[in-house]
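Visitor: I am new to this structure. Please give me a close look at one part of it, and then follow that part outwards.

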Amino acid sequence: MRSPVVPEAVSRPTLEAVATRAGVSRATVSRVVNGGYGVRESLAERVRRAVAELGYVPNQAARSLVTKRHDAVAVVIAEPEARVFTDPFFALQLRGISKELTAHDNQLVLLLTEGRDDHTRVARYLAGGHVDGALVFSLHLDDPLPGLIHDAGVPTVFGGRPGWRDRTGTPLYVDTDNRGGARTAVRHLAGLGRTRIAHITGALDQTSAVDRLDGYRDVMAETADGGGDPSLVVESDFTPAGGERAMRELLDRRPDVDAVFAANDLTALGALRVLRERGLRVPEDVAVVGFDDMLPLAEQSDPPLTTVRQDIEQMGRLMARMLLRGASALRDGSTGAGREGTSGLGGVDPAARTPGPGVILPTTLIRRESA
C-alpha cells in the first residue's frame, strides 16, 4: 500500500521577500504596510505593487505590536442567546455595526451575557487587549457591565440612553427619540377618537421602555382627567409572549379598552393574537400601534401594523463610527478624544439631536391598517 501523499506546506511571502521585490529596506516595507508616514510616494507605490504581486498578508499579531491596533471591535449584548437570535432588533443593529466595521477593515467579535457569571468573563476579555473598543447595548439598569467595562480601559459606545453615569461622566451613546416617538403614537390614537388608550410597556429596567412610558404619560396628561388611568398600563418585556400575557391581563382588567400603544412591534404582534382570540376586530374595536417598524414583520402582521419607525441599522452604524473615531483619536494621543465623537459624524440624519456625548435619532409614524 502506498503511503498517502502529504502536500507540502505553502510558505507565506515574508516582509523580506516584499522588500527584495520592491528594492527597498525591510523597515520601509514595514512603515508602508502598517500605515506609517515618512515614505516617498514613489517608494510606497513600489511596496504596494510588490505586496499585491506576492500576495503578502501582514501577520496581525506582529502588526498589533507596531501599531497598537487590533482592527477588531467587541459587540457586547447584555441578553441571553435565545433572545438575541430570535429578536429582529438585534439582527438589524448587528447588520449596521458590521457594515461600518467592514468598511474600515475591522472584525466584529460578538460577546453575549447569559447571566452574572458572564460579566467577569467579558470584562476579562476586554481588559486583555484583544480589541480596540466595545459597542454595548440592551443594558439593564442594575447591570454591572458599565463599571466593569470602564475598569477594562477600552473605548466604549453604548446603544441606548444610559441610565447611569460612569466615573468620568455620561458615556458616549446613540439612541432613538423614544419619548417623542411614543408621544406621536399616542396622539395618533387620540386623533382617531380613541379615549381609552392603553400602554403595554417594555422591560422597565431599560431606559427605552421608561422613555416610551413617559411619552405615553405626557399625552395622557393632556386629556380631560389630567393623567390617564393607571389601570390602562401593563408592564411587559418586549417579547411576543409578553405582549400576549399583557394583553390578556389588560382585557380582563379593562374590557372597554379601545386602543393600545405597544412598546415594540413584537409586543404588538402578541397583543394582536390575543385580540383575535377574544373576537375583537382591529382597528374597528381596538386600534393598535407598535414601535420599531421591523420589516417584514410589521407589514405582514394581520392586519399590517401601524408603528413608529426608528432606524435601527443606522443606530448600529453610528455607534461603530463613533467608536472607531474615538479609538483612533486615543491612539493618536488627542486630549479628550475618547469622550468626543458626536461632531462631524457623516451620514447622521439632519434631524438628529446631539445632547452632549449622545446622538438621538428621530422617529417617524408609519401608518398601516391596525390604526
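Guide: Two elements are in contact here when heavy atoms of each come within 4.5 Å. The model is a predicted one. In that sense of contact, helix α10 (residues 207-220) lies across β6, β7, β8 and β9. The helix runs at about 170° to β6; angles over 145 degrees count as roughly antiparallel, so α10 and β6 are roughly antiparallel.

The strands under α10 belong to an open sheet of 6 strands with mixed pairing, in the order β7-β6-β8-β9-β10-β12. Its edges are β7 (233-234) and β12 (364-366). Each of these has a single partner strand, so one side of each has no neighbour in the sheet. The partner of β7 is strand β6 (residues 197-200), joined to β7 by 2 bridges, and the two run parallel. One of the residue pairs is Ile 200 with Val 234 in β7. A second helix, α9 (residues 178-191), lies across β6, β8 (259-262), β9 (287-292), β10 (306-309) and β12. Its direction makes about 165° with that of β9.

The model also has an open sheet of 6 strands in the order β2-β1-β3-β4-β5-β11, where the pairing is parallel. Here β2 (107-112) and β11 (358-361) stand at the edges; each has a single partner strand, so one side of each is left without a neighbour in the sheet. On average, and with direction ignored, neighbouring strands of this sheet are turned by 20° against each other.

At the β2 edge, strand β1 (residues 72-77) pairs with β2 in the parallel sense over 6 bridges. Ala 74 has Val 109 of β2 as its bridge partner. Two helices touch this region. Helix α7 (residues 116-127) packs on the sheet, touching β1, β2 and β3, and its direction makes about 155° with that of β2. Helix α6 (residues 88-103) also lies across β1, β2 and β3 (133-137), running at about 150° to β2.

Towards the other edge, strand β4 (residues 156-159) and β5 pair in the parallel sense over 2 bridges, with Gly 159 bridged to Val 174 of β5. On its other side, β5 pairs with β11, again in the parallel sense, over 4 bridges. There, Tyr 173 has Gly 358 of β11 as its bridge partner.

In a regular strand the side chains alternate between the two faces of the sheet. Strand β5 (residues 173-176) is covered on both faces. Tyr 173 and Asp 175 are on one side, Val 174 and Thr 176 are on the other, and all four are buried.

Now a single side chain. Glu 313 is found in helix α14 (residues 312-331). Its relative accessibility is 17%, so Glu 313 counts as buried. Leaving out residues up to four places away in sequence, Glu 313 touches Leu 92, Arg 95, Gly 96 and Lys 99. With Arg 95 there is a polar contact between the two side chains, at 3.0 Å.

Last comes a pair of helices. Helix α1 (residues 15-22) packs against helix α2 (residues 26-33) at about 105°, and their axes are 8 Å apart; the two are therefore roughly perpendicular. Leu 15, Glu 16, Val 18 and Ala 19 in α1 meet Arg 26, Val 29 and Ser 30 in α2. By class, this contact has 4 nonpolar, 1 polar and 2 charged residues.

Key. Residues numbered from 1 in each chain as written. Predicted model: local features only at pLDDT ≥ 70, side-chain atom pairs only at ≥ 80, totals over all residues. Heavy atoms only, no water. Pairing = 2+ DSSP bridges. Axes fitted to C-alpha atoms, helices over the stretch in contact; angles between N-to-C directions. Parallel < 35°, antiparallel > 145°, perpendicular 65-115°, else oblique. Nonpolar A, V, L, I, M, F, W, Y, C, P; charged D, E, K, R; others polar. Buried < 20%, exposed > 50% of the residue type's maximum accessible area, 1.4 Å probe, protein only. Polar contact = N/O pair within 3.5 Å; in protein donor to acceptor, adjacent residues only side chain to side chain.
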